[in-house]
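Please open the model in a viewer and keep the sequence at hand. The stops below are best visited in order.

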Amino acid sequence: MIKIAALVGDYWHSGDGAKAGLEAAIKRLPNIEVNLQYLTYEEVSQVLDEQPDLFINAKMNVLNPKDEQKITWLNAEVDRKIVNYVNEGGSFLAWHAGMAGYPSQTNYTQMLRGSFTYHPPGLHDVTYMQKEKTFSLSDEHYFVQCDVENTEVYLRSSGEAGDSIAGWQHSFGKGKVCCFTPAHTKEGMLDENISWLLAEKLNWMLTR
């Protein structure tokens, strides 16, 4: 039984959309029985102690983006525990909002070797390009910074605002890290191309 723990949903992103997209991708995994657990940010430290096979973060760091005094959930203890978890053999997916609002000096962002920088307001026609396939959907067009010298870029994006990297992956210690920028809406997460690609990345992270 594979254990997957997922932190989803924030002020700007529907947890229901991420859950639907994740569950659809898991159904595409070949002959893998999965125990999927959703958790709150307060439970992250405890769940990491339980050593799941895969931890998914689809939640931005800032809890109250509309307030003047911003509150963030990633504290120093959890920052350290996430990186130790991967170093010791865990797999970690930073999905869409899971790259947003995390300071560059955190161990977390340094482990990801990249982060969200901005997106043009609203939804746009975004073309996603793999080596062997190109597809388009209506999405937030994430622009990121990425340490391309120290990771493998597997997905790029293009839209009216320009071009960006959209997905990358690498080994980290004994574990694996994958960053995946699409998608913002439930419809985007359930898009067949996105669903198959996410399943492919889940399979990569779960393969030892």
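This tour of a predicted model proceeds from one acidic residue to a neighbouring strand and its pairing partners.

**First stop: Asp10.** Select Asp10, which sits in the loop between strand 1 (2–8) and helix 1 (15–27). Is Asp10 part of a salt bridge, or without one? Asp10 is buried yet has no salt bridge. The nearest side chain of opposite charge belongs to Lys59, 5.9 Å away; a salt bridge would require a side-chain nitrogen within 4 Å of a carboxyl oxygen.

**Second stop: the polar partners of Asp10.** Add Trp12 and His13 to the selection. A polar atom of the Asp10 side chain lies 2.9 Å from the backbone nitrogen of Trp12. The side chains of Asp10 and His13 are joined by a polar contact of 2.7 Å.

**Third stop: contacts beyond the loop.** Apart from neighbours within four places in sequence, Asp10 is in contact with Ala58, Lys59, Met60 and Ala97.

**Fourth stop: strand 3.** Select residues 54–58, which form strand 3; five of its five residues are buried. Leu54, Ile56 and Ala58 lie on one side, Phe55 and Asn57 on the other, and both faces are covered.

**Fifth stop: the pairing partners.** Show strand 1 beside strand 3: the two pair in the parallel sense over five bridges, and Ile4 has Leu54 as its bridge partner. Next, display strand 4 (residues 91–95), which runs parallel to strand 3 and is joined to it by four bridges. Here Asn57 stands opposite Ala94. Finally, trace the chain from strand 3 through helix 3 (residues 76–87) to strand 4; this β-α-β crossover is right-handed.

Terms used
Residues numbered from 1 in each chain as written. Predicted model: local features only at pLDDT ≥ 70, side-chain atom pairs only at ≥ 80, totals over all residues. Heavy atoms only, no water. Buried < 20%, exposed > 50% of the residue type's maximum accessible area, 1.4 Å probe, protein only. Lys, Arg positive; Asp, Glu negative; His and termini not counted. Polar contact = N/O pair within 3.5 Å; in protein donor to acceptor, adjacent residues only side chain to side chain. Contact = heavy atoms within 4.5 Å. Pairing = 2+ DSSP bridges. Right-handed = clockwise from strand over helix to strand, strands pointing away.
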